[in-house]
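Reader: I'd like to go through this one with you, a few local features at a time. Where do we start?

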Amino acid sequence: MQNKGLIKFIAIILALVCIYQLSFTFVANTIQKDAKAYATAEFKKLTDKRERELKATGASEIQALDLNQLEVKYLDSLKPEKVFLNFFTYDFVTKNQINKGLDLEGGINVILQISVKDILVGLSNDSNDPTFNKALADAKTNQKGNQTFIDAFFEACEKEAATTKTKLASPDIFANKNLDGEIDFKMSDDQVKPILRRKVNESVLSAFEVLRKRIDKFGVTQPNIQQLGESGKILVELPGAKDVDRIKNLLQSTAQLEFWETHQSDVAFQYLASVNDLLKATETAKVEVKETATTGIDSLLTDATKDSTATASNENNPIFSKLLSSGGGPVIGYFSPRDTAVINNYLKRSNVVALRPQDLRNAKFVWGKPTTLTNDKKEVVPAVELYALKADRSNQAAISGGVVVDASATFDQVGKPAVTMQMNGKGAKQWEELTGRVSQQQNAIAIVLDNVVYSAPGVSSGAIAGGRSEITGTFTVEETQDLANVLRAGKLPAKADIVQSDVVGPSLGQEAIDNGMLSFVIGMLLVVVWMILYYGKAGVYANISLFVNILFIFGILASLGAVLTLPGIAGIVLTIGMAVDANVIIYERAKEELAIGKTLEEAINYSYTWKGAMSSIFDANVTTALTALILLVFGTGPIKGFATTLLIGIGTSLFTAIFVTRIFLDWAIVKGQKMTFATPMSKDWFVNMNFDFMSKKKIAYAISSVLVIASLVSLFFINGLNQGVDFVGGRTFQVRFEKQVIPSEVSSILTKGFGTNVEAKTFGTNNQLKITTKYKVKEEGEAIDKEVNQMLFTNLKQFLPSSMTYEEFVTNYDGKEFGVLQATKVGPTVAEDIKANAVWAVLGSLLISFLYLFISFRKWQFSLGAVLAVAHDVIIVLGIYSFCYSFMPFSMEIDQAFIAAILTVVGYSLNDTVIVFDRVREFMSERTKGTFNQIVNKSLNTTLSRTINTSFTTIIVLVAIFLLGGETIRGFVFAILVGIVVGTYSSLFIATPIMMDTVNFNEAKDQVVADTTVAKK
C-alpha cells in the first residue's frame, strides 16, 4: 500500500480527535449525575424544612418545589466554571458532548404551526371582503399534503377571481394602510404574491425569535428550535423538560396583552336578565340542581327556591340556570367552564345583540382566568368570571401590550404571586390617562392576555404616573414566572398551534438507553466471535478495524453536534453488521486469488484494486448511502438520527476496511505470518460451488408472484395496514399501570368516556398499554390537550395507584413508574405531510438507485432487475405487516420508523444485488468462456460466500436488537429483519434472472469490453 505512513498518521490523528471529542461527553455525564444527586438531596432538605414550617404556622398551603429547576440552577451555576483539565468550562463541555435525542433523554418535542391565515388577515387589516374570506376558508379546506397555506390561498384566490374579478391589490384587501408603500391598487396579482410571501416569512421569523427568547428563559439544558422550511412550522425540542401542560401553554400563548376599561356589573347583569327572558321562549331548559344561589340573583330568578323537580316551564332560565354566583365590581358573574361555549353562543346571536342597551352597544364579553368557588354544599367547584369590556366600533383596547418594555415575577402586598410591568414613555402617558379616567368613573381596568382577563383592579387614588403596573390574581409562582417571560419576549405575530407533539418521560428514556446499549454490546460480541470463527487471524484484524470504526462513529457524532436517538443506536448496531461487509468482500476475493496460486501479498494487493474488490465495495456502499441520504432529507426527529448514524457508519466503515485493516494485513505480510482467510471450520464452506440458480428461476418467479399477489390483495382488499398516528393523525399514550390490565376492558371504558373509539393494546409487558384515539385531534390549543389528559386520567383512575394525582399522572419526573410515560399527537395536516414525504422517499430512492445503476453498468436491464427486485421486497414486507399486525405480540404500526426500515431494506437489497452484478460485469469484461446463463450462475456461486456471510452477520445483530432493544424499536427492527431475508432471496433468484432475461448478451459483452478498454487508456 502506497503512502502507508501517511495513512497511519491520519488514522492515529482521527482516533485521538475522536477520543478528545468523546471526553467532553464523559465529563458532562459525570457532572450531570452529580447535579441530579445534589438536586435530590436539596429537594429533600427544602421539603422537610417547609413541612416543619407548615406545622409551626398552621398554613394551609406551601409553595411547590421543582426538582428539575434545582438541577438546572445547579448546572447553570457551573457554566462559567472550569470543570475539565482546569481549562474547559462546563458551558464549553456541554456544547461539545454527544446530544441525546428525546427518546433517550426524555423531554418534549413539538411542531408549532404559525397561523399563516392569521398573518394574512392582519396584513389585510381585518378585511371583510367576501372573496378574500372565502379564499381563506377554501385554502384551509383544500390544502394538500406538503402544500403551504399561502400557496393554497393563492390557488383559491385565482379560482374566485375568475368569477369576481377581485384582485389581491384591491383597496378592500391588501392595498391598505398596513402595506402602504409596498402594495398599491395598480399592481397585478403576480406582483403582490412575492410581497405577501416575504411578509409572511418575516412574521414567521418574528415568531421564531419570540419563541427562542421564551425557551431560553424557561430553564432546560440544550434546547433546540428550528424553522422548518417555508411551511410556517417551527420545531421545538426541550430535552429533560417535564411539565407538559406548562410548556405547551408557554409555547402557544400569543402574549397579546391589552388593557381595557370595564363596564360595571350591575348594568351588564340587567342586560343578562333581559337576555335570559328573551331566550325562555326558544330554549328548552335542562333540569338540574343549582350548585350555588347567592344574594343578588334570587329576585331575578322565577321560583328559584322551588324543588328541583319542578317542570321545565317553571324552571326555564337559559342563562341564570348556569350561573354559579353573582359577581361584583367588574365581574358580572361566575359560570362553570363547561358552560362558557353555550353562553358565548347565546351572546353572539343577532336577536340577543339587538337587545343591548346603548351603553353596551359595542361591549366585548370576555372570560376570566379559571378559578374555583365553594358552593352551598361546601364543595369546591371550578368557575370562570364573566366581564364586559368597554369598546368602540374599532374594537381596539385602550392600551396594547406593545408598550411594555419589562416584566418580572414578584409578590403583591399580601404576599401572593404577581407580575409587575414597566411601560415605555408612550405607554406611561396612556396609562396615566386611563387610570385617571377609571378613577373618576369608579370602574376598573381589565388586564387581558390572549383574550383572557387575568385581573381587573380598580383605581382609587387618581391617575398613576410612571407607567408601572401590576397583574394580580390566583397565580402560582411558576405561572407568574412564565407570564413575565412571555411579556418580556413579546407577542407572537399570529396564533401558534401544536400540530405534532411527542412527550417522553425520563424513566422511559433511561430504559431505552439500557436496552439500546445491551443490544449494542451483544450484537457486537456476536459479530466479533463469528469473524474469528470464520476468518481466523484475518477476522481478528477485521474486529480491530470494527472497534476503530465505532470509535470514529461516536467521535464524529460528537464533533458534528449530531443527536443520538434510539433508532440512531439501531443504525450503529446495523452498521456493525454491515461494517464487516467490506472486509468480507476483500477477504473472499483474497481467498479466490490464493486458490489460483497467488502469494499472500499478491492476493491482498489484487483484492485492494478496483478490479479486485474496490468496485464492488464502492457501488454497494453508494447505493446504501443514497437511500440513507433520502431518509435524511425526508425524515424527521429520531429517523434523521438513524439516517445520520447510517451515513457516518458507511463512511467510517469504508475508511477502516480499506485503510485500517490493510495496515494490519501488510504488517502480517512483513512479519511473515501465514493467512488463508479461513479456519479449519470454514475452509471447505462454499468452495467449488456450482448450484444452477438460473434453472430455478421459474420456480422463484412463481413463488414471488404468489407472495406479491397475496400481499397486494391483503393490502388493498382485506386487511390493509395498521397505520399509526404519523399517517392518519391522532393521539397516542404509552401508559404503565401498577398491575396487569386487560386491553379490551380499558378500551371499552375509554371509548365510553371519550364518546368515540379508543384503541388499547398491550405494549411490551402486561401492565403497559398503548392507547390511541382521534378525539378532538383537529382542534388545537393547550386547553384541548389538557382536557384530553384529564379525561384519560379520570377514566383510568381505577387502574392506577389510589394515591396518584392528575399532576403525577401526566407530569414527567425521574424514577416515574406509573402513569403516562410517553405521549404523541399528530394533527391531520401534519399526517398528510408525513404520508406524502414517505411516498416520495420510497419512490425517490428507487428512481435514484435506477439512475445510479444505469450510469454504473451502462445497461438499463441491470437497473431494471435491481429495482424490480427491490419493489418485490418492499411489497412482500408490506404484505407481511398487513397479514400479521392483528395477532403479532408487538406493535406493527406503519409510521415514520417503518418507512426508515423500508428504505434500509432498499439499500441493503441493492447492496446485495450490486455485488453479483459487479461479478457478472467482471466476467464479461474478461471474456469468460461459456453461455450467458453459465456466466451468471458462476457469478452467483462465486459471490455466495459473501452474500451469506454479510446477511448472517447483519441478521444476528438485528436479532439481538429485536430481542433486547426494547418494545419501542421492535416493529422497526422486525421490518428490517424480514426485508434482509427477503432481499437476500431476491438478489439471488429475482434481480439476476430478470437482468439475464432482458439483456442482450452479445451487445452487453461488447459494451463492457469497450468501457474496460476506455478505462485502461
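Author: Let's start with a cut-off: a residue counts as buried under 20% relative accessible area, as exposed over 50%, and as partly exposed in between. Keep in mind too that this is a predicted model.

Reader: Okay, try it on Gln442: is Gln442 buried or exposed?
Author: Gln442 sits in the loop between α14 (425-441) and β16 (445-449). Its phi is positive, near 60°, in a residue other than glycine. The relative accessible area of Gln442 is 52%, and the cut-off for exposed is over 50%, so Gln442 is exposed.

Reader: And which loop holds Leu85?
Author: Leu85 is not a glycine, yet its phi is positive, about 60°. With 63% relative accessibility, over the 50% cut-off, Leu85 counts as exposed. Its place is in the loop between β1 (82-84) and β2 (88-89).

Reader: On to helix packing. Are α5 and α7 parallel, perpendicular or oblique to each other?
Author: Helix α5 (residues 116-123) and helix α7 (residues 149-164) have axes that come within 9 Å and cross at roughly 55°. Roughly parallel would need an angle under 35 degrees, and roughly perpendicular one of 65 to 115. The angle here fits neither range, so α5 is oblique to α7.

Reader: What residues meet there, and how do they divide by type?
Author: From α5 come Val116, Lys117 and Leu120, which meet Phe149, Ile150 and Phe153 of α7. The crossing of these two helices, α5 and α7, is right-handed. By type, the residues of the α5 and α7 contact are five nonpolar, no polar and one charged.

Reader: What about α6 against α7: what is the handedness of that crossing?
Author: Helix α6 (residues 130-142) packs on α7 at an angle of about 135°, and the two axes are 8 Å apart. Over 145 degrees would count as roughly antiparallel, and this angle falls outside that range, so α6 and α7 are oblique to each other. The crossing of α6 and α7 is right-handed.

Reader: How many nonpolar, polar and charged residues make up the contact of α6 with α7?
Author: On the α6 side, the residues include Phe132, Ala135, Leu136 and Ala139. Those of α7 include Phe149, Ala152, Phe153 and Ala156. The contact of α6 with α7 divides into nine nonpolar, two polar and four charged.

Reader: Now α28: how far apart are its end C-alpha atoms?
Author: Helix α28 (residues 860-884) has 25 residues, and 18 of them are buried, which leaves the helix mostly covered. At 1.5 Å a residue, α28 should span 36 Å. The model agrees with that, because the end C-alpha atoms of α28 are 36 Å apart.

Reader: There's an arginine I'm curious about. Which residues does Arg919 touch?
Author: Arg919 lies in helix α29 (residues 896-925). Its relative accessibility is 10%, under the 20% cut-off, so Arg919 counts as buried. Not counting residues up to four places away in sequence, Arg919 touches Arg589, Glu592, Ser939, Thr942 and Thr943.

Reader: Last one: how far apart in space are Ile976 and Ile955?
Author: Ile976 belongs to helix α32 (residues 967-998) and is buried, with a relative accessible area of 2%. Leaving aside neighbours within four places in sequence, Ile976 is in contact with Ala901, Thr904, Val905 and Leu958. Ile976 and Ile955 are 21 residues apart in sequence, and their C-alpha to C-alpha distance is 9.1 Å.

Key: Residues numbered from 1 in each chain as written. Predicted model: local features only at pLDDT ≥ 70, side-chain atom pairs only at ≥ 80, totals over all residues. Heavy atoms only, no water. Axes fitted to C-alpha atoms, helices over the stretch in contact; angles between N-to-C directions. Helix = DSSP H or I, 4+ residues; strand = E, 2+ residues; numbered from the N terminus. Left-handed = near helix turned anticlockwise from the far one by under 90°. Contact = heavy atoms within 4.5 Å. Nonpolar A, V, L, I, M, F, W, Y, C, P; charged D, E, K, R; others polar. Buried < 20%, exposed > 50% of the residue type's maximum accessible area, 1.4 Å probe, protein only. Expected span 1.5 Å × (residues − 1).
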